[in-house]
Amino acid sequence: MADFDVIVIGGGPGGYVCAIRCAQLGLKTACVEGRDALGGTCLNVGCIPSKALLNATHQLHEAEHNFAKMGLKGKSPSVDWKQMQAYKDDVIGGNTKGIEFLFKKNKVTWLKGWGSIPAAGQVKVGDEVHSAKKIIVATGSEPASLPGIEIDEKTVVTSTGALSLPKIPKSMVVIGAGVIGLEMGSVYARLGADVTVVEYLDAITPGMDGEIAKSFQKILQKQGLKFVLGAAVQGVSTAKGKATVSYKLRKDDSDATLDAEVVLVATGRKPYTDGLGLEALGVEMLPRGQIKTDAHWQTSVPGIYAIGDAITGPMLAHKAEDEGMAVAEVVAGKHGHVNYDVIPGVIYTTPEVASVGKTEEVLKQEGRAYKVGKFSFMGNGRAKAVFQADGFVKLIVDAATDRILGCHIIGPAAGDMIHEICVAMEFGASAQDIALTCHAHPTYSEAVREAALACGDGAIHA
Ligand code: NAI
């Protein structure tokens, strides 16, 4: 008899959610995690700590820029960086301890240590080998650097180092205008650093709706971030604790450099599968290092499954969680499913940016007939009351059927509002369905309804 029905390797959002769901479905489950705390990159050095710093620095920004307007006078708060770090660490601790509690509650065994798979049906942790009927690999990803750049996590840092810098740098160059670059760039810009973002492409946030990206860049520029677009970074040199980033402008091949106290390399992440022994087992991999899986997340070796950042698809905690729940259903003999067409993406800057479904650019490529309904937060009373009227909701629907194809929002609480559209899309709803749904006043969500009205006979407050 096997020691466990399921062993999940990796205790991040994909792995821990999968383990809990497996246990809830009656399977004897263990989860292998080598860090001192559960929660993976997301809780320890990703989503959660960055949100703590984004929150603290957003409050600072409000105090510096908006308090006086609201009649709140007095000195702006000064920054106690050590305390801000302690706050962030408390937030991490609270969340990771929460997962430990959930493991106990659901009777998931935490096997502490780094796991490998010596043979199908076996997981080695430290010196011990445990047997399992099914193994699920949820080992996540790690930062991907560029050739010519040596990360020391002091002067040249990844997102991990950027969360725990010993002091606030006076200047920072961020390589890559993706999610990490813009979130962490915002944090340090709000803390007073001179932040320049260098991006290979001609627009920020690749893959995002073009109109939203343009508006987002303008808003970030107003907040003090600088951008060098169309610039391929060639390397970073360091001397005496300072860094020089060299890049080539793609339009004319000219070379240029930028100096900074800290360089954040945010050029993407790569699957983390080192040391698992997948090669020896004959687990098929994809050219970009992901584990190849079938429609039920099973690898080429029967009984071994993989989910999350270690396989294809967007590297997002919630995508990994969905796969974790679905694969748990599969190994329990049920029918797990993930709708990859409805996975939202959110950037937690101020304003937030959120997106689900297709962009106009993709629909044009596909040659589909679509209609756009847009509504600016300038027409939203609630957003105006809190100085967050920059931005808009853009709803894209099928020209013939009115069925929602995508939604892109830049504005207050965009990351929460997008879920109305996610639910609508799951139900195959039309813009009219949203337009006919009563939305409470005064809420930011009224802007979503107005965008839906704009797909039909017109918005009211435009
Ligand atoms: P990303 O893929 O979002 O952006 C990387 C950027 O670097 C791209 O714009 C790319 O064009 C640029 N780049 C690549 N090579 C370059 C070069 N040589 N010179 C200049 N620019 C270059 O990657 P990022 O921001 O590192 O994030 C990694 C992953 O983590 C993403 O999949 C992201 O979705 C996820 N993540 C999600 C968050 C969220 O949901 N809020 C927060 C943080 C990360």
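**Figure 1. The second largest pocket and its lining.** In this predicted model, the second largest pocket has a volume of about 440 Å³. Its lining is formed by 19 residues, of which His 61, Ile 219, Gln 223, Phe 387 and Asp 390 are the closest to the pocket centre. Helix α3 provides the largest share of this lining, namely five residues. At least two lining residues come from each of α3, α6 and α7 (210-222). Sorted by class, the lining of the second largest pocket comprises six nonpolar, seven polar and six charged residues.

**Figure 2. Helix α3 and the helices packed against it.** Helix α3 covers residues 47-65, and its end C-alpha atoms lie 26 Å apart. This separation agrees with the expected span of 27 Å, because the helix has 19 residues at 1.5 Å a residue. The buried residues of α3 include the nonpolar Pro 49, Ala 52, Leu 53, Leu 54, Ala 56, Leu 60 and Ala 63. Ser 50, Thr 57, His 58 and Glu 62 of α3 are also buried. The partners against which the buried residues of α3 pack are α2 (40-45), α4 (81-106) and α6 (179-190).

**Figure 3. The largest nonpolar core, centred on the contacts of Phe 103.** The largest nonpolar core contains 51 residues, and Phe 103 and Ile 136 have the most contacts inside it. Helix α1 (residues 13-24) contributes the largest share of this core, with seven residues. Leaving aside residues up to four places away in sequence, Phe 103 touches Tyr 16, Ala 19, Ile 20, Cys 31, Leu 38, Val 108 and Trp 110. In soluble globular proteins, nonpolar side chains tend to be buried together.

**Figure 4. Another nonpolar core.** Apart from the largest core lies another, made up of 39 residues. Among the members of this core are Phe 216, Val 262, Ala 266 and Val 353.

**Figure 5. The surroundings of Ala 260 in strand β14.** Ala 260 belongs to strand β14, which runs through residues 255-260. Ala 260 counts as buried because its relative accessible area is 3%, under the cut-off of 20%. Beyond residues up to four places away in sequence, Ala 260 touches Ser 171, Met 172, Val 173, Lys 242 and Ala 243. Ser 141 is 119 residues from Ala 260 in sequence, and their C-alpha atoms are 27 Å apart in space.

Terms used
Residues are numbered from 1 along each chain as its sequence is written. This is a predicted model: local features need pLDDT of at least 70, side-chain atom pairs count only at pLDDT 80 or more; totals for chains, interfaces and linings use all residues. Side-chain values use heavy atoms; hydrogens and water are left out. A nonpolar core is a set of buried Ala, Val, Leu, Ile, Met, Phe, Trp, Tyr and Cys residues joined through side-chain atoms within 4.5 Å. Buried means under 20% relative accessible area, exposed over 50%, partly exposed in between (1.4 Å probe, protein chains only). Helices (H or I, at least four residues) and strands (E, at least two) are DSSP runs, numbered from the N terminus. Contact means heavy atoms within 4.5 Å. The expected span of a helix is 1.5 Å times one less than its number of residues. On a 1 Å grid over the protein atoms alone, a cavity is a set of points where a 1.4 Å probe fits but cannot get out, and a pocket is an open set with protein on both sides within 12 Å along at least five of seven lines; lining residues have an atom within 4 Å of a point. Grid points are joined across faces, edges and corners, and a volume is the space filled by probe spheres set on the points.
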